[in-house]
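Trainee: Got a minute to go through the interfaces in this one with me?
Mentor: Sure, put it up.

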Amino acid sequence: MINTKLNPKLFDEDMEMVSMREGFGEGLVMAGEENPQVVVLTADLEESTKVEAFAQKFPQRFVEVGVAEQNLAAVASGLAAVGKIPFMTSYAVFSPGRNWEQIRTTICYNNQSVKIIGSHAGLNVGADGATHQALEDVALMRVLPNMVVISPCDSLEAKKATLEIAKLKRPCYLRLLRDKTVVMTTKDTPFKIGQAEVFQEGQDVTVIACGQMVYQALLAARQLQESNISVRVINCSTIKPLDKKAILKAAEETGGIVTVEEHQAAGGLGSAVAEFLSGQYPIPVKIIGVEDKFGQSGEGAELLEKYGLTGKEIIKGILTVLRMKGKHFNG
Amino acid sequence: MSLSAQKIAELEAKATFIREDIITMLYQAGSGHSAGPLGMADIFTALYFHILRHNCKNPQWQDRDRLVLSNGHICPVLYATLAHAGYFPHHELLTLRKLGSRLQGHPHRGSLLGLETTSGPLGLGLSQSSGMALAGLRDEAKWRVVCLMSDAEQDCGNVWEAVLFAGKYKLHNLTALIDRNNIQIDGFTEDVMPLEPLKEKYEAFGWHVLEIDGHNFEAIIGSFEEAKAIFEKPTLIIAHTIPGKGVDFMENDFQWHGKPPDKEEARKALKELRSLQGKIQPGHHD
Ligand SMILES: Cc1ncc(C[n+]2csc(CCOP(=O)(O)OP(=O)(O)O)c2C)c(N)n1
Ligand SMILES: [Mg+2]
């Protein structure tokens with residue numbers, strides 16, 4: 001059964017498509033209106049990271065550092081040290097890629113309330129190629145103490161997450177994609193940091209996904225209904241802190257887990273889930289992600305296909321897990 | 001040094017063909033960067049058809065000069081030049097940015113012979129060039145290293161670590177060149193993050209610095225020859241270029257940093273380039 005708070009046009013042809021960075025940009029202006037301490041920094045990527053509207057509205061609270069992501073992070077830390085709430089934006093490969101140690105020491109170890117916005121993550125950037133496709137950013141951020149890691153599933157969730165992290169007095173990483181993606185949620189869909197949402201109820205197996213992969217998971221679940229396989233789909237947008245309660249419940253009730261993310265299979269959401277379950281409730285977990293490879297140029301959809309991040313692969317993963325569970329099924 | 005008028009005319013004609021290819025490739029790809037590649041077409045032409053020691057039949061020739069493109073986003077000009085220089089079939093230029101292509105959206109060393117390194121993320125080329133140059137010096141190799149950078153790249157801290165390093169080790173077999181076109185994504189460089197006085201900065205770090213018109217073949221070739229003659233110091237050439245050079249509606253407009261021409265724009269651009277009959281007039285600017 002599909003969550004009633006989701007977009008009713010979810011599977012329609014004319015499904016609404018909006019980019020996550022768009023949602024972030026809107027949320028940022030609202031966060032700026034709510035709290036005068038919110039400031040924004042960018043590294044020569046004002047338009048593509050969607051901070052233009054904020055910059056126009058609050059020119060005194062906007063900082064351009066040029067192509068200097070290491071300086072970006074450490075300056076943001078300094079701003080936070082004296083009470084500001086800095087949002088620093090760039091592409092995820094550069095921030096938190098290039099400036100990882102600056103983030104580790106000056107932001108996380110200092111526990112400064114800096115918001116790191118990594119846009120253009122995943123294979124979704126397409127034609128720019130592997131240099132620009134961040135597939136390691138979640139792993140990099142997830143291992144840092146104090147850090148909160150959020151990978152929203154759509155533009156609306158990105159907007160809600162932006163407003164929420166502005167209020168949280170901790171370092172946060174928000175992962176965004178460039179291209180338009182399906183708007184799965186509505187303004188009524190709950191969003192709370194640290195809380196995973198069940199987007200579809202199911203009893204045989206659970207798919208835990210984040211980012212635009214949540215949509216692929218819903219498609220896979222829908223297709224398997226025809227074979228009488230009941231798949232639970234969880235949107236796990238907060239990767240850290242992990243919603244252990246929801247995951248444990250899913251493990252107990254469905255006995256098998258598939259995770260999906262637009263990221264290296266190593267180190268991301270799947271690893272987080274497996275790390276937790278292996279010590280608490282060891283059951284089969286199949287991790288779907290990019291298998292230890294760099295991406296390449298191509299169109300977003302082509303690349304997802306090429307690197308195995310589609311509903312089809314999720315179905316394969318589900319069948320594998322069901323087999324591991326020793327359950328009989330048709331198909 | 002003097003180049004014959006005929007040689008200059010040949011280089012100018014070649015650069016125009018390369019510019020035409022850049023337009024066609026970008027239009028076909030549907031994404032990519034226009035301004036930088038057009039602005040650097042004359043310098044690439046001079047490098048591959050006069051300055052560098054290289055061999056398209058043997059791209060991994062031990063004694064070749066190493067060309068490191070640090071600002072990888074201008075790779076359409078590198079690819080077009082390599083095709084004209086015989087590194088791969090010309091028609092392959094139309095695969096730029098497509099799935100499975102050797103011509104990745106940003107250059108990938110493992111994809112195409114003739115590329116010395118992977119780039120796109122800014123600010124990393126000068127350090128790699130310095131490593132190559134240091135090894136070359138210590139091995140008393142004859143080959144030289146050329147590092148091409150953009151002006152916005154000078155914002156990156158990593159560049160200045162390399163500037164210090166190359167000064168310390170007196171890497172006189174290293175010639176760096178900055179595409180001084182004054183634009184970056186968020187606007188003009190002097191508004192986004194002022195760089196001037198750039199010449200004096202490099203000089204203070206132990207470099208020999210030249211400033212040239214990056215569309216004047218005699219000046220381009222002359223500056224690389226001067227760099228060869230300088231001992232005890234690495235040389236920086238600040239090449240003043242016009243972003244979008246050769247296509248009137250693209251020139252000097254930072255909006256053209258990161259987008260390709262559409263069909264109509266491509267047609268207009270090609271018409272304009274062809275009407276130059278193989279000649280681009282050297283730019284006049286300050
Ligand atoms: C480390 C890093 N940060 C950000 C970017 C995104 N980016 C691509 S090009 C560019 C700057 C463009 O200016 P310039 O390098 O002078 O190139 P031009 O437009 O003059 O060709 C930026 C910020 C990048 N490629 N690398
Ligand atoms: Mg520039």
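Mentor: Chain A and chain B each put 23 residues into their contact, meaning heavy atoms within 4.5 Å. This is a predicted model, where local features need pLDDT of at least 70 and side-chain atom pairs count only at pLDDT 80 or more, while totals for chains, interfaces and linings use all residues. Residues are numbered from 1 along each chain as written, chains are lettered from A in the order written, and side-chain values use heavy atoms, without hydrogens and water.

Trainee: What area is buried between chain A and chain B?
Mentor: About 1800 Å², with 52% from carbon and sulfur atoms; that's the accessible area (1.4 Å probe) lost on putting two parts together, summed over both. D44(A), V67(A) and R98(A) supply 30% of what chain A buries there, more than any other three residues.

Trainee: How many salt bridges between the chains?
Mentor: The count is 1 (side-chain nitrogen of Lys or Arg within 4 Å of a carboxyl oxygen of Asp or Glu). D128(A) pairs with R97(B), closest N and O atoms 2.8 Å apart.

Trainee: Switching topic, which domains does chain A have?
Mentor: An automatic or database assignment gives domain 1 (17-182) and domain 2 (197-330). Their C-alpha centres lie 26 Å apart.

Trainee: And how much area is buried between those two domains of chain A?
Mentor: About 2300 Å², with carbon and sulfur atoms giving 56%. L123(A), L135(A) and R142(A) supply 31% of the area domain 1 buries against domain 2, more than any other three residues.

Trainee: What does R142(A) pair with in a salt bridge?
Mentor: E275(A), with the closest N and O atoms 2.8 Å apart.
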